[in-house]
Amino acid sequence: MGFGVVSLLDASCRRAFTSAGLRQGSAAVDADTTIHFWAHRSLLPSSTSTATATEQQQQRRPVLVLLHGFGPGPTWQWAAQVGPLSRHFDLVVPTLLFFGASRTRAPARSEASQAAAVAALLTGGHLPGLGSGRHVVHLVGASYGGIVTYHLARALLRGGGGDVAVGKVVLCDSDVTKGPEDDRALAARGGVEEVTELMVPADTKMMRRLTKLSFHRPPMYLPECIARDLLRKSLEDRREDKIELIKGMTTAEGSQLTPLPLETLIIWGEFDQIFPLEKAYKVKEKLGEKATVKVIPNSGHLPSQEEPKVFNRVLLEFLLQPSDSNGCATAVAAAAVK
């Protein structure tokens, strides 16, 4: 029974993506690295695109990149967002390295190396639609994906971005200031020795513990057979590599965390037990005057899943609001980063 339920949920999430006009793809972004992704069909090579004439006329719509966190893959984590967001943006949803089908033989295991791979996907000609008169690309990341998003924004600004001009940035429950003391506190809340035991669960007992910490209103009951199947299908793959990703994170007091010269929204769940709410304001302090905080009530570490309607409204209000800056914003921001 567990196999059927998890497969059904997976199919439902994938259907949300295809209904939003997204199609799967993969790209060898360098000799060692392959990134799997979902993207709006107008962004893909013409041989695989089925865009209509009307869609081709809309090719100058802004692009929105969504980066997922630890846990099940991006289709599970962004299923409630892709529909509403696709009405205004053409979406790109990469699968980060060591999640799903994305792989690398390179030794680096940092959020900066994750960002470099996504930057190569966006600027390396793998999405031809990005070179068809597109200018603005907004970046959104949740949890670990938000930490990668910070580095991605800086990488695109530092490298000029080619046809990609970075617009706005959204970090969702993403503690880019995280240090060793935060890991120790989270391990204590989870009742484990090392934070990797909690964040990359090896069994259903630890997966249930992580779920309880992640949600303000965790599921009341999850049959063991379904829990085992969910763990096997969504969390066990490349476990050792994911542990190395956590160990390789460079967010700490001594790391090169500097303000982002871009409009940035910091979304945080009111009752987040992974990264407590006070960290949202520390992130804002570090990111500078262009950053603002919005708290989602009655939600934990995953407000996009617990309160999707509120989350989507907050996200769209920020992204659709006219920018305070002029058309030279990206050039100015890039100069600031350099």
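Angles between helices sort like this: under 35 degrees is roughly parallel, over 145 is roughly antiparallel, 65 to 115 is roughly perpendicular, and the rest is oblique. The angles run from 0 to 180 degrees between N-to-C directions, using axes that are lines fitted to C-alpha atoms, for helices over the stretch in contact.

Before you start: this is a predicted model, in which local features need pLDDT of at least 70 and side-chain atom pairs count only at pLDDT 80 or more, while totals for chains, interfaces and linings use all residues. Residues are numbered from 1 along each chain as its sequence is written, and side-chain values use heavy atoms, with hydrogens and water left out.

**Exercise 1. The overall picture**

Work out how many helices and strands the protein has, and what percentage of its 338 residues is buried.

*Solution.*
- Take the DSSP runs, numbered from the N terminus: helices are H or I with at least four residues, strands are E with at least two. The protein comes out at 15 helices and nine strands.
- Now the burial cut-offs, with a 1.4 Å probe and protein chains only: buried is under 20% relative accessible area, exposed is over 50%, and partly exposed lies in between. Buried residues make up 54% of the 338.
- For contacts, look for heavy atoms within 4.5 Å. Of the contacts with a separation of 6 or more, 75% are between residues 24 or more positions apart.

**Exercise 2. Helix 5 against helix 6**

Classify the packing of helix 5 and helix 6 by angle, then give the handedness of their crossing.

*Solution.*
- Helix 5 spans residues 111-123 and helix 6 spans residues 144-159; their axes come within 8 Å and cross at roughly 60°.
- Put that angle through the classes above, and the two helices are therefore oblique to each other.
- For handedness, ask how the near helix is turned from the far one: anticlockwise by less than a right angle is left-handed, clockwise is right-handed. Helix 5 and helix 6 cross in the right-handed sense.
- On the helix 5 side, the residues making the contact include V118, A119 and L122, and on the helix 6 side they include I147, V148 and L152.
- To sort residues by class, count Ala, Val, Leu, Ile, Met, Phe, Trp, Tyr, Cys and Pro as nonpolar, Asp, Glu, Lys and Arg as charged, and the others, Gly among them, as polar. The contact of helix 5 with helix 6 then has ten nonpolar, three polar and one charged residues.

**Exercise 3. Helix 4, helix 14 and A80**

Describe how helix 4 and helix 14 pack, and say whether A80 is buried, partly exposed or exposed.

*Solution.*
- Helix 4 (residues 79-86) meets helix 14 (residues 308-320) at an angle of about 40°, with the axes 10 Å apart. The pair is therefore oblique too.
- The crossing is right-handed.
- Helix 4 contributes A80, Q81, P84 and L85 to the contact, and helix 14 contributes P308, F311, N312, L315 and L316. By class, that is seven nonpolar, two polar and no charged residues.
- Zoom in on A80, which sits in helix 4. Its relative accessible area is 36%, so A80 is partly exposed.
- Skip the neighbours within four places in sequence, and A80 touches S304, P308 and N312. A80 and P308 are 228 residues apart in sequence, yet 6.3 Å apart in space, C-alpha to C-alpha.

**Exercise 4. Helix 9 against helix 10**

Repeat the classification for helix 9 and helix 10.

*Solution.*
- Helix 9 (residues 204-214) and helix 10 (residues 224-235) pack at about 85°, with axes 10 Å apart. That makes helix 9 roughly perpendicular to helix 10.
- T204, M207 and R208 of helix 9 make the contact with E224, A227, R228, L230, L231 and L235 of helix 10.
- These residues split into five nonpolar, one polar and three charged.

**Exercise 5. Strand partners**

Find which strands pair with strand 6 and with strand 2, and in what sense.

*Solution.*
- Strands pair if DSSP finds at least two bridges between them.
- Strand 6 (residues 136-142) has six of its seven residues buried. Strand 3 (residues 63-67) runs parallel to strand 6, joined by five bridges, with V65 partnering L139.
- Strand 7 (residues 165-172) is also parallel to strand 6, over six bridges, and V140 stands opposite V170.
- In strand 2 (residues 33-40), seven of eight residues are buried. Strand 1 (residues 22-28) is antiparallel to strand 2 over seven bridges, and a hairpin of four residues joins the two.
- Strand 2 also pairs in the antiparallel sense with strand 5 (residues 103-104) over two bridges, and with strand 4 (residues 90-94) over three.
- T34 stands opposite A28 of strand 1 and opposite R103 of strand 5, while A39 faces V92 of strand 4.
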